[in-house]
Structure formats: structure tokens, C-alpha cells
Amino acid sequence: MVDKYGRHIEYMRVSITDRCDLRCRYCMPEGCDKVSMSQILTYEEIVRICRAASELGISKIKITGGEPFVRLGCTGLMRDIKALDGIEEVTVTTNGQTLERYIDELKDIGIDGINISLDTLDPERFEYITGRGKLDKTLRAIGLAAESGIKTKINTLLQKEFNEDELPDIASLAFKYGIDVRFIEMMPVGAADAGTGLSNPEVLRKLMEVWPDLEPDESVHGNGPAVYYRRPGEKGGIGFISAMHGKFCSHCNRVRLTSQGELKPCLGFDTGTDLMPYLKGSDDELREAIRRAIFEKPEAHSFSDAGNAGDHAERRLMSQIGG
Ligand code: SAM
Ligand code: SF4
């Protein structure tokens with residue numbers, strides 16, 4: 001459907017849990033609060049919301065969290081959403097720690113894409129930034145996902161004085177596996193300090209020093225705002241998601257559903273529509289609540305201008321909202 005600023009909204013990121021097996025410092029630091037399971041949408045409720053959203057023109061769903069694979073039965077949910085009329089694409093975002101167990105099932109479901117987060121290739125740094133993760137598990141997951149034939153992407157958050165020196169090594173995984181590696185700018189949400197992040201124009205400049213033949217790639221790689229570059233003769237692409245330095249709000253196509261049933265039209269604001277009460281009503285009422293929330297999507301985020309969001313700047317953790 002079209003929102004009040006004329007944008008076509010066709011993509012919903014669905015967070016199925018605020019829990020995670022890792023504790024990435026910028027997302028879900030040690031000791032953070034967790035939501036009780038009784039406040040979380042059931043799978044039936046998620047499917048019902050996805051069905052209503054699909055009737056309004058949402059055709060692409062991303063399953064996220066928290067870490068989606070820590071919630072029991074999540075692959076069954078993916079199968080059910082995939083079977084909905086009007087849903088053309090179901091993809092998933094994961095830290096890769098347990099992906100090995102699910103890869104065959106994901107292939108069987110016909111999942112349309114797997115995004116795997118990877119910030120460093122150094123085992124000690126990996127354990128530091130994720131609180132408890134094992135690098136070898138995520139690397140194995142990347143290899144298996146790439147081999148499986150499912151469209152695979154790596155998502156990397158670069159931080160000054162943490163992993164910026166690894167930029168070319170991480171980027172070269174794109175060429176090694178023939179997949180996309182995307183650099184995501186740190187957003188000032190929850191525990192994150194955007195000041196620690198590296199700007200994507202800077203990342204591109206550094207990559208051009210290593211590979212002067214990098215050239216813009218206009219072909220469509222996904223649903224989102226990433227801008228891509230490629231190297232002649234290489235299969236994989238290097239993507240840039242620049243929420244801070246390349247504000248893409250004017251063609252934003254997405255909304256977010258939190259695990260507690262809030263439909264969030266914009267990541268930069270703490271506002272949203274609580275769909276829980278509408279789940280007690282008819283399908284028409286639920287669909288109308290979703291339609292209104294999408295229509296009222298804010299014109300732009302306010303990350304670089306806290307005053308714009310006023311008291312409504314988003315302060316919840318990324319794991320609670322759904323990244
Ligand atoms: N657990 C899964 C994972 O790590 O991919 C899915 C959820 S996680 C919140 C999704 C993505 O959000 C990860 O790639 C993570 O790096 C990113 N993320 C978390 N906090 C962020 C922030 N403040 N700014 C930008 N990206 C962030
Ligand atoms: Fe967990 Fe993903 Fe957040 Fe890391 S980024 S704490 S893996 S939800």
C-alpha cells in the first residue's frame with residue numbers, strides 16, 4: 001500500500017523474539033531486561049498479522065529478532081508465512097551460531113534469503129563484541145549458506161578502533177563466496193553509540209584504495225536501501241546501508257513488527273500501534289489498524305537531529321525492537 005508520503009510499503013520485518021544466544025554490546029548488552037513469554041505474539045498471531053498485512057500489499061517478510069533461531073519451532077512459522085497468498089519472499093536474519101542445524105530445512109521451505117551478521121574475523125574480537133559467540137560457528141554457517149544455493153548476505157557493522165582494520169578482509173568474503181557483503185552504519189538506537197561507527201563514505205574510500213576497480217552496480221540485489229559496488233570479473237557485491245550518511249527515508253519501503261505485537265512504522269521513533277487489542281477483534285479491524293499505522297509512517301527518521309523526534313526518539317534496545 002501507499003503511505004501518506006506516496007511511498008510504496010511492501011516489506012515487513014517481523015521480530016519473533018527479543019531473546020538471543022549472544023550479547024552484542026551495541027544491541028543487547030549483558031544484563032538487559034527480557035520480555036516475558038506471555039507478552040510475546042504466538043506464531044498463530046504472527047501468521048494472522050502477516051496475512052492481514054499481505055492483503056494490504058506487504059509481499060516481503062524478513063524474520064528477525066533477537067535471534068530468530070532461539071525460538072523453538074521458528075522454521076514452522078517460516079513455512080506458514082511462505083504459504084500465505086500474496087507473500088512473495090520470506091528471508092531471515094541470523095547471527096549464524098546455530099544455522100548449521102537448520103540449513104537443510106530452510107532449503108526445503110524455499111526460504112528466499114539468509115542474512116548473516118559478522119563483524120570480525122578475529123576469534124577473540126568476535127567473543128568480545130558478541131559477549132559469548134564463537135567465530136568458527138558463524139563462519140561455518142556462512143560457508144554452508146553460500147553452498148546451499150540460498151541467497152546469502154553478510155551484514156557487518158564497522159566500528160572505529162575495533163574492526164576498521166579488518167575492512168578489506170571482511171569485504172573480500174564477497175569474492176571468496178560470490179555473495180554480498182554489506183556494511184551497515186551504526187544507528188543511535190538502544191545501547192548503540194553511533195559515534196563509534198564508521199561512515200560508509202569513509203568505508204568506500206578505504207575500499208577504493210585496495211580495489212580501485214570497484215564500480216557502482218545498478219542491478220537489484222534485494223528489497224532495501226543498500227547501494228552496491230562490484231569488481232569486474234568477481235561474482236559477489238559490496239553493499240552499503242547508510243542510514244546516517246545516506247538518509248534513504250524518502251524511498252523507505254518497510255515497517256517493523258516487534259515480538260510484542262507493536263507495528264513500528266519507523267526505527268527512529270518510539271511510536272507504533274499495539275496490535276494486541278486488535279487480535280481480539282475481527283480480521284477487518286486488524287487490517288484497518290495495520291492500514292492506519294502504515295499510512296501514518298513518519299516522513300523521515302531523526303537520528304541526526306534528536307529534536308525532530310522530540311520525546312519520541314527510540315531508546316529501546318535493537319534486540320527489543322527487532323533489527
Ligand atoms: N540476531 C540476528 C543477527 O544478529 O543478525 C538478527 C537480529 S540483529 C538485531 C539484526 C542486525 O541488526 C544485525 O546485523 C546487527 O548487527 C544490526 N544492529 C544491531 N544494532 C544496530 C545498530 N545500533 N545500528 C545498526 N545495526 C544494528
Ligand atoms: Fe543477538 Fe543479533 Fe543483537 Fe547480536 S545483533 S545481540 S546476535 S540480536
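# Close-up views of a predicted model

**View 1. A loop residue with an unusual backbone angle.** Glu 161 sits in the loop that links S5 to helix H6 (167-171). This is a predicted model, so please read each view that follows with that in mind. Glu 161 is not a glycine, yet its phi is positive, at about 60°. Is Glu 161 buried or exposed? With a relative accessibility of 78%, Glu 161 counts as exposed, because the cut-off for exposed is over 50%.

**View 2. The open sheet, from edge to edge.** Here we take in 12 strands, which form an open sheet with mixed pairing. Their order is S7-S8-S9-S6-S5-S4-S3-S2-S1-S10-S11-S12. Which strands stand at the edges? They are S7 (215-217) and S12 (273-274); each has a single partner strand, so one side of each is left without a neighbour in the sheet. Helix H5 (residues 135-148) packs on this sheet and touches strand S4 (113-117) and strand S5 (152-157). The direction of H5 makes about 160° with that of S4.

**View 3. Strand S3 and its partner S2.** Strand S2 (residues 60-64) and strand S3 (residues 89-94) are paired in the parallel sense, over 4 bridges. To find one of these pairs in your own viewer, start from Ile 61, whose bridge partner in S3 is Val 90. Of the 6 residues of S3, 5 are buried, so the strand is largely enclosed by the rest of the structure. Thr 93 is a good place to pause: it belongs to strand S3, and at 10% relative accessibility Thr 93 counts as buried. Setting aside neighbours within four places in sequence, Thr 93 is in contact with Arg 13, Lys 62, Ile 63, Thr 64, Pro 68 and Asn 115.

**View 4. Two antiparallel pairings and the helix lying across them.** S7 and S8 run antiparallel and are joined by 3 bridges. Within this pairing, Glu 215 has Arg 230 in S8 as its bridge partner. S8 and S9 also run antiparallel, with 4 bridges between them. In S9, Gly 239 stands opposite Tyr 228. The hairpin of S8 and S9 has 6 residues between the strands, and in this hairpin Gly 233 takes a positive phi near 85°. Helix H8 (residues 200-210) lies across strand S6 (180-184), strand S8 (227-230) and strand S9 (237-241). H8 runs at about 160° to S9.

**View 5. The nonpolar cores.** The largest nonpolar core has 71 residues. Which residues have the most contacts inside it? They are Met 12, Ile 63, Ile 81, Leu 106, Ile 114, Phe 183 and Leu 207. Helix H1 (residues 43-55) supplies the largest share of this core, with 7 residues. Another core lies apart from it and has 24 residues, including Leu 22, Cys 32, Val 189 and Tyr 228. Back in the largest core, it is worth following the surroundings of Met 12. Leaving out neighbours within four places in sequence, Met 12 is in contact with Ile 49, Cys 50, Ala 53, Ile 58, Lys 60, Ile 61, Lys 62, Val 255, Leu 257 and Leu 263. In soluble globular proteins, nonpolar side chains tend to be buried together.

**View 6. The residues around ligand 2.** Which residues surround ligand 2? They are Cys 20, Leu 22, Cys 24, Cys 27, Met 28, Gly 66 and Asn 95. Sorted by class, this shell around ligand 2 has 5 nonpolar residues, 2 polar residues and no charged residues.

**View 7. A buried arginine in a loop.** Arg 23 lies in the loop between strand S1 (11-15) and H1. Its relative accessibility is 9%, so Arg 23 counts as buried, the cut-off being under 20%. Not counting residues up to four places away in sequence, Arg 23 touches Met 28, Pro 29, Glu 30, Lys 34, Ile 129, Thr 130, Gly 131 and Arg 132. Arg 23 and Gly 131 are 108 residues apart along the chain, while 4.8 Å separates their C-alpha atoms.

**View 8. A glycine in the loop before S12.** Gly 272 is found in the loop between strand S11 (262-264) and S12. With a relative accessible area of 41%, Gly 272 is partly exposed. Beyond its neighbours within four places in sequence, Gly 272 is in contact with Glu 262, Leu 263, Lys 264 and Pro 265. The C-alpha atoms of Gly 272 and Lys 297 are separated by 9.1 Å, and the two residues are 25 residues apart along the chain.

Methods. Residues numbered from 1 in each chain as written. Chains lettered and ligands numbered in written order. Predicted model: local features only at pLDDT ≥ 70, side-chain atom pairs only at ≥ 80, totals over all residues. Heavy atoms only, no water. Core = buried A, V, L, I, M, F, W, Y, C linked by side-chain atoms within 4.5 Å. Buried < 20%, exposed > 50% of the residue type's maximum accessible area, 1.4 Å probe, protein only. Helix = DSSP H or I, 4+ residues; strand = E, 2+ residues; numbered from the N terminus. Contact = heavy atoms within 4.5 Å. Pairing = 2+ DSSP bridges. Axes fitted to C-alpha atoms, helices over the stretch in contact; angles between N-to-C directions. Near = heavy atom within 4 Å. Nonpolar A, V, L, I, M, F, W, Y, C, P; charged D, E, K, R; others polar.
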